[in-house]
Amino acid sequence: MEVIIVNDYEQLSQRACDIIVEQVHMNPESVLGLATGGTPLGTYRELVQANGNGKIDFTHVSTLNLDEYIGLDSSHPQSYRQFMKRELFDAINISETRTHIPDGRPDDLEEECRRYEALIEAIGPPDLQLLGIGENGHIGFNEPGSDMDGETHIVELTESTRAANARFFDKDEDVPAHAITMGIRSILKSKRILLLASGERKARAIKRLLQGEKDVNFPASALLAHPHVTLVMDQAAYGMKGETDAG
């Protein structure tokens with residue numbers, strides 16, 4: 001695992017953007033695995049700016065998102081489809097037909113899991129998968145205790161994860177209780193993984209990850225088995241003070 005420590009969230013976002021730009025320069029037809037939540041927002045803002053400045057071209061790029069809430073239509077403002085449209089897709093030169101997110105309201109949930117996993121194989125796997133890390137070590141919506149060999153599946157969200165996502169909803173009870181997510185095995189199919197961590201609330205999870213012990217109750221530890229993981233974190237997530245950049 002390559003570890004890059006930067007000063008703050010702004011530097012983290014810029015470094016992550018630079019890595020994605022480099023990937024697309026190497027392969028203009030790259031498949032990018034994308035994530036939602038608060039951590040990648042700065043990266044997406046940097047990518048929008050880079051696209052506007054002509055530093056990256058998304059014309060031939062395809063994307064695969066990690067997950068989607070079950071029960072939310074793709075037009076729902078808090079669906080991950082709308083999140084991605086607001087934060088990235090609508091502001092860059094990418095065709096909507098090249099952006100892929102699980103359907104949160106399919107006729108058959110199990111069939112949607114099979115369809116999405118087949119799609120990952122058909123157009124990917126991702127050349128680069130962007131990930132955040134949950135305070136409990138979840139990646140995607142793979143919560144503690146998830147099958148380390150699992151592919152795209154339905155998951156019941158823990159109370160801690162629902163609480164972390166409640167800020168995006170008007171009322172706590174509006175936060176969906178289930179999601180469809182790429183499984184850990186699905187994620188590990190990616191050729192390269194870019195893991196981002198920012199803030200003191202992620203420090204405990206990062207410390208546990210860097211201890212290097214694989215544990216089914218800490219899903220992020222599955223990344224230790226992947227040959228090409230880059231972890232970019234700020235000082236707060238690393239649990240340190242003072243200026244440093246280990247990358």
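A pocket, as used here, is an open set of grid points with protein on both sides within 12 Å along at least five of seven lines, and its lining residues have an atom within 4 Å of a point. In this predicted model, the largest pocket takes most from α5, which supplies four lining residues. The structure also holds one cavity of 30 Å³ or more. Five aromatic pairs are counted. One cis peptide bond to note runs from G124 to P125.

**The largest pocket**

- The space in the largest pocket comes to about 690 Å³.
- Its lining is made of 34 residues. Nearest the centre of the pocket are G37, G38, H138, N165 and K202.
- Three elements, β4, α3 and α5, each give two or more residues to this lining.
- Helix α5 covers residues 159–165. It gives the most, with four residues.
- The lining of the largest pocket is mixed in class: 13 residues are nonpolar, 15 are polar and six are charged.

**The largest cavity**

- The volume of the largest cavity is about 40 Å³.
- Its walls are I20, L32, L34, L47, F58, T63, L88, F89, I92 and I94.
- Nine of these lining residues are nonpolar and one is polar. No charged residue lines the largest cavity.

**Aromatic pairs**

- The count of aromatic pairs is five. In one of them, Y69 and F169, the ring centres lie 5.7 Å apart and the planes meet at 75°, so this pair is edge-to-face.
- Y69 and F169 are 100 residues apart and join distant parts of the chain. Y69 sits in strand β4 (residues 67–69), while F169 sits in the loop between α5 and β8.
- Y69 and F169 are both buried.
- Y80 and F83 also pair edge-to-face, because their planes stand at 75° with ring centres 6.3 Å apart.
- Y80 and F83 both belong to helix α3 (residues 80–87). They are three residues apart there, so about one helical turn separates them.
- Y80 has a relative accessibility of 7%, so it counts as buried. F83 is buried too, with a relative accessible area of 7%.
- Ring pairs tie Y69, Y80, F83, F141 and F169 into a cluster.

**A179 in strand β8**

- A179 lies in strand β8, which covers residues 178–181.
- A179 is buried, because its relative accessibility is 0%.
- Beyond residues up to four places away in sequence, A179 touches E68, Y69, I70, F141, H153, I154, V155 and L157. Two of these contacts, Y69 and F141, are members of the aromatic cluster.
- The C-alpha atoms of A179 and T152 are 10 Å apart. Along the chain, A179 and T152 are separated by 27 residues.

**T99 in strand β5**

- T99 belongs to strand β5, residues 99–100.
- T99 counts as buried because its relative accessibility is 4%.
- Leaving aside neighbours within four places in sequence, T99 contacts T63, R81, F89 and I94. Among them, T63, F89 and I94 also line the largest cavity.
- From T99 to T158, the C-alpha separation is 28 Å. These two residues are 59 apart along the chain.

**Helix α2**

- Helix α2 has 12 residues, 41–52. At 1.5 Å a residue it should span 16 Å, and its end C-alpha atoms are 17 Å apart, which agrees.
- The buried residues of α2 are L41, G42, T43, Y44, L47, A50 and N51. One of them, L47, also lines the largest cavity.
- The cover over these buried residues includes α1 (9–26), β2 (31–34), α3, β6 and β9 (193–197).

**Backbone details**

- Most residues other than glycine have a negative phi, and most peptide bonds are trans.
- G54, just after α2, takes a positive phi of about 80°.
- The G124 to P125 peptide bond is cis, with omega near 5°.
- P125 is in the loop between α4 (109–123) and β6 (128–131).

Terms used: Residues are numbered from 1 along each chain as its sequence is written. This is a predicted model: local features need pLDDT of at least 70, side-chain atom pairs count only at pLDDT 80 or more; totals for chains, interfaces and linings use all residues. Side-chain values use heavy atoms; hydrogens and water are left out. Buried means under 20% relative accessible area, exposed over 50%, partly exposed in between (1.4 Å probe, protein chains only). Contact means heavy atoms within 4.5 Å. Rings of Phe, Tyr and Trp (its six-membered ring) pair if their centres lie within 6.5 Å; planes under 30 degrees apart count as stacked, over 60 as edge-to-face and the rest as tilted. On a 1 Å grid over the protein atoms alone, a cavity is a set of points where a 1.4 Å probe fits but cannot get out, and a pocket is an open set with protein on both sides within 12 Å along at least five of seven lines; lining residues have an atom within 4 Å of a point. Grid points are joined across faces, edges and corners, and a volume is the space filled by probe spheres set on the points. Ala, Val, Leu, Ile, Met, Phe, Trp, Tyr, Cys and Pro count as nonpolar, Asp, Glu, Lys and Arg as charged, and the others, Gly among them, as polar. The expected span of a helix is 1.5 Å times one less than its number of residues.
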